[in-house]
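Biologist: I would like to go through this model with you, label by label. For each label, tell me what stands behind it.

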Amino acid sequence: MSEPRWLTLDEKVAWLGFVRVLTRLPAALDAQLDHDAGLTFFEYHALSMLSEAPQRSLRMSRLAQITSSSLSRLSNVVKRLETRRLVAREPDPDDRRATRAVLTDAGLALVESAAPRHVETVRALIVDALETGELAQLHAAHEHILARVDPDGVTRPDWL
């Protein structure tokens with residue numbers, strides 16, 4: 001077995017900075033969304049993906065893919081959202097064995113009311129923190145990473 005390629009100091013600093021972003025950003029987004037809409041970031045993400053989908057509806061398996069979730073985790077979250085009447089589950093008309101998640105009018109209203117403040121937060125924490133050109137660099141960097149962790153692009157919503 002060959003010796004691992006240890007990270008250089010510059011690589012380690014970049015990696016640990018990325019880890020800090022990965023761990024701190026979700027907590028900041030959760031806090032804002034909980035305060036403003038009573039949602040976690042994951043719940044908001046699932047609802048917003050449904051709001052963008054045709055007929056505000058997606059198969060549960062597809063919604064799990066684009067939210068980078070396991071089907072069991074998504075099912076538990078959708079169950080909670082159903083109790084709040086934000087989402088409904090129904091058989092898929094194209095395949096009765098599959099289940100679709102459908103964003104209700106109340107769910108759409110919540111997403112629409114939460115979106116402005118959420119966008120302000122995303123802008124404040126990420127977009128406005130970057131200098132001219134850095135946003136394009138960030139986009140290019142995450143596309144390179146996604147090519148390795150999601151080579152088939154299953155997490156990319158069909159409407160993007």
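Modeller: Start with alanine 28, which has a relative accessible area of 30% and is therefore partly exposed. Keep in mind that this is a predicted model.

Biologist: What makes 30% "partly exposed" for alanine 28?

Modeller: The cut-offs decide. Buried means under 20%, exposed means over 50%, and partly exposed is in between. Alanine 28 has 30%, so partly exposed is the label. The residue is found in helix H1. Its C-alpha is 8.8 Å from that of leucine 125, although the two are 97 residues apart in sequence.

Biologist: Why is valine 149 called exposed?

Modeller: Its relative accessibility is 62%. The cut-off for exposed is over 50%, so valine 149 counts as exposed. Valine 149 belongs to helix H6. From its C-alpha to that of arginine 56 there are 27 Å in space and 93 residues along the chain.

Biologist: What about arginine 56 itself: which exposure label does it get?

Modeller: Partly exposed, because its relative accessible area is 23%. Buried would need a value under 20%. Arginine 56 lies in the loop between H2 and E1.

Biologist: What is notable about the phi of arginine 56?

Modeller: Its phi is near 50°, a positive value in a residue other than glycine. Serine 68 also has a positive phi, near 55°, and is not glycine either. Serine 68 sits in the loop between helix H3 (60–66) and H4.

Biologist: Is serine 68 buried or exposed?

Modeller: Exposed, because its relative accessible area is 56% and the cut-off is over 50%. Across the protein, buried residues make up 28% of the 160 residues.

Biologist: How do you know that the length of helix H2 agrees with its number of residues?

Modeller: H2 covers residues 41–52, which is 12 residues. At 1.5 Å a residue, they should span 16 Å. The end C-alpha atoms are 16 Å apart, so the two values agree.

Biologist: Which residues of H2 are buried?

Modeller: Phe42, Glu43, Tyr44, Ala46, Leu47, Ser48, Met49 and Leu50. Each falls under the 20% cut-off.

Biologist: Now the overall layout. How many helices and strands are there?

Modeller: Six helices and three strands. Along the sequence the pattern reads α-α-β-α-α-β-β-α-α. The C-alpha atoms fill a box of roughly 50 × 40 × 25 Å, taken along the principal axes.

Biologist: What is the order of the strands in the sheet?

Modeller: The order is E1-E3-E2, in an open sheet with antiparallel pairing.

Biologist: Why are E1 and E2 called edge strands?

Modeller: Strand E1 (57–59) and strand E2 (87–92) each pair on one side only. The twist averages 30° from one strand to the next.

Biologist: How do you know that E1 pairs with E3?

Modeller: Pairing needs at least two bridges. Three bridges join E1 to strand E3 (residues 95–103), so they count as a pair. They run antiparallel. Leucine 58 has alanine 101 as its bridge partner in E3. Arginine 59 stands opposite arginine 100 in E3.

Biologist: And what supports the pairing of E2 with E3?

Modeller: Six bridges join E2 to E3, again with at least two needed, so this is a pair as well. These strands run antiparallel. Valine 87 has leucine 103 as its bridge partner in E3. Aspartate 92 has aspartate 95. E2 and E3 form a hairpin, with two residues between them.

Biologist: Last topic, the largest pocket. What is its volume?

Modeller: About 2300 Å³. It is lined by 49 residues, and the closest to its centre are Leu25, Phe41, His45, Ile126 and His142.

Biologist: Which helices supply at least two residues of that lining?

Modeller: Helix H1 (9–37), H2, helix H4 (71–83), helix H5 (105–125) and helix H6 (134–149). H6 gives the most, with 11 residues.

Biologist: How many residues of the lining are nonpolar, polar and charged?

Modeller: By class, 29 are nonpolar, 12 are polar and eight are charged.

Key. Residues are numbered from 1 along each chain as its sequence is written. This is a predicted model: local features need pLDDT of at least 70, side-chain atom pairs count only at pLDDT 80 or more; totals for chains, interfaces and linings use all residues. Side-chain values use heavy atoms; hydrogens and water are left out. Helices (H or I, at least four residues) and strands (E, at least two) are DSSP runs, numbered from the N terminus. The expected span of a helix is 1.5 Å times one less than its number of residues. Buried means under 20% relative accessible area, exposed over 50%, partly exposed in between (1.4 Å probe, protein chains only). On a 1 Å grid over the protein atoms alone, a cavity is a set of points where a 1.4 Å probe fits but cannot get out, and a pocket is an open set with protein on both sides within 12 Å along at least five of seven lines; lining residues have an atom within 4 Å of a point. Grid points are joined across faces, edges and corners, and a volume is the space filled by probe spheres set on the points. Ala, Val, Leu, Ile, Met, Phe, Trp, Tyr, Cys and Pro count as nonpolar, Asp, Glu, Lys and Arg as charged, and the others, Gly among them, as polar. Axes are lines fitted to C-alpha atoms, for helices over the stretch in contact, and angles run from 0 to 180 degrees between N-to-C directions.
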